[in-house]
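Reader: I am new to this structure and would be grateful for a close look at one single part. Please start from one residue and follow its surroundings outwards, defining the terms as you go.

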Amino acid sequence: MASARSTKQWLTLAAGHFFVALGIIGTVLPIVPTVPFLLLAAYFYNKGHPHFHHKLMNLPKIGPLLVDWDQHKIIRTEAKAGAIFLIVMLFAWPLYFGRQNLGITITLIIIALTLITYIVTRKSK
């Protein structure tokens, strides 16, 4: 059993580090989201790596957003507005400048509306 536990701990640590790396990439590349990846990292760190979880939750700028979601499932109003703006811009870009077939266009619109609906229906602070 000790082997299964250490394998699980290693996998959760690796997943946490992987999602932190994606979150860091997201701070540089506007098309890659930061907060969802850091939320996933927090989830995996919370499974057995309290030191990393604590460090993530205490980051100066993004830590409070992560804590709000982790403890209360709240998305701040400013974060909602920013996320919706980015979704609209990222999904409108290919629709406006590209020549997709109708199926791709409908799929992109459905995905964008689903994401926006999810964000809007979460509690705000």
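Author: The residue to start from is H53, which, when residues up to four places away in sequence are not counted, touches A42, Y45, N46 and D70, contact meaning heavy atoms within 4.5 Å. The model is a predicted one, in which local features need a pLDDT of at least 70 and side-chain atom pairs count only at pLDDT 80 or more, whereas totals for chains, interfaces and linings use all residues. Residues are numbered from 1 along each chain as its sequence is written, and side-chain values use heavy atoms, with hydrogens and water left out.

H53 is found in helix α3 (helices, H or I of at least four residues, and strands, E of at least two, are DSSP runs numbered from the N terminus). With a relative accessible area of 13%, H53 is buried (buried is under 20% relative accessible area, exposed over 50%, and partly exposed in between, with a 1.4 Å probe and protein chains only). Helix α3, residues 50–57, has the highest mean pLDDT among the elements of the protein, 94, while helix α5, residues 77–97, has the lowest, 87; pLDDT is the predictor's confidence in each residue, from 0 to 100. For the protein, the mean is 88, and 98% of the residues reach 70 or more.

Y45, touched by H53, is also a contact of a second histidine, H17, whose partners beyond four places in sequence are Y45 and F52. H17 lies in helix α1 and, at 35% relative accessibility, counts as partly exposed. H17 is 75 residues away from A92 in sequence, and the C-alpha atoms of the two are 32 Å apart in space.

A third histidine, H49, sits in the loop between α2 and α3, where H49 is buried, its relative accessible area being 11%. Once neighbours within four places in sequence are left aside, H49 is in contact with Q9, T12, L13 and F44. One of these partners, T12, is 37 residues from H49 along the sequence, yet their C-alpha atoms are 8.3 Å apart in space.

Y45 also leads to the largest nonpolar core, which has 13 residues, those with the most contacts inside it being F19, V20, L38, A41, Y45, L56 and L66; a nonpolar core is a set of buried Ala, Val, Leu, Ile, Met, Phe, Trp, Tyr and Cys residues joined through side-chain atoms within 4.5 Å. At least two residues of this core are supplied by each of α1 (2–28), α2 (35–46) and α3, and the largest share, five residues, comes from α2. A41 shows how these residues meet, since beyond its neighbours within four places in sequence A41 is in contact with G16, F19, V20 and L56. A second, separate core of six residues includes I87, F91, L108 and I119.

L66, named in the largest core, is also one of the buried residues of helix α4 (residues 63–72), which are G63, L66, D68 and W69. The cover over the buried residues of α4 includes α2, α3, β1 (74–75) and α6 (102–120).

D68, buried with a relative accessible area of 5%, forms a salt bridge with R76, their closest N and O atoms being 2.5 Å apart; a salt bridge here is a side-chain nitrogen of Lys or Arg within 4 Å of a carboxyl oxygen of Asp or Glu. R76 is partly exposed, its relative accessible area being 24%, and a search of the whole structure finds one salt bridge.

Finally, helix α4 is followed by K73, which lies in the loop between α4 and β1. K73 has a positive phi of about 55 degrees although it is not a glycine, and K73 is partly exposed, with a relative accessible area of 43%.
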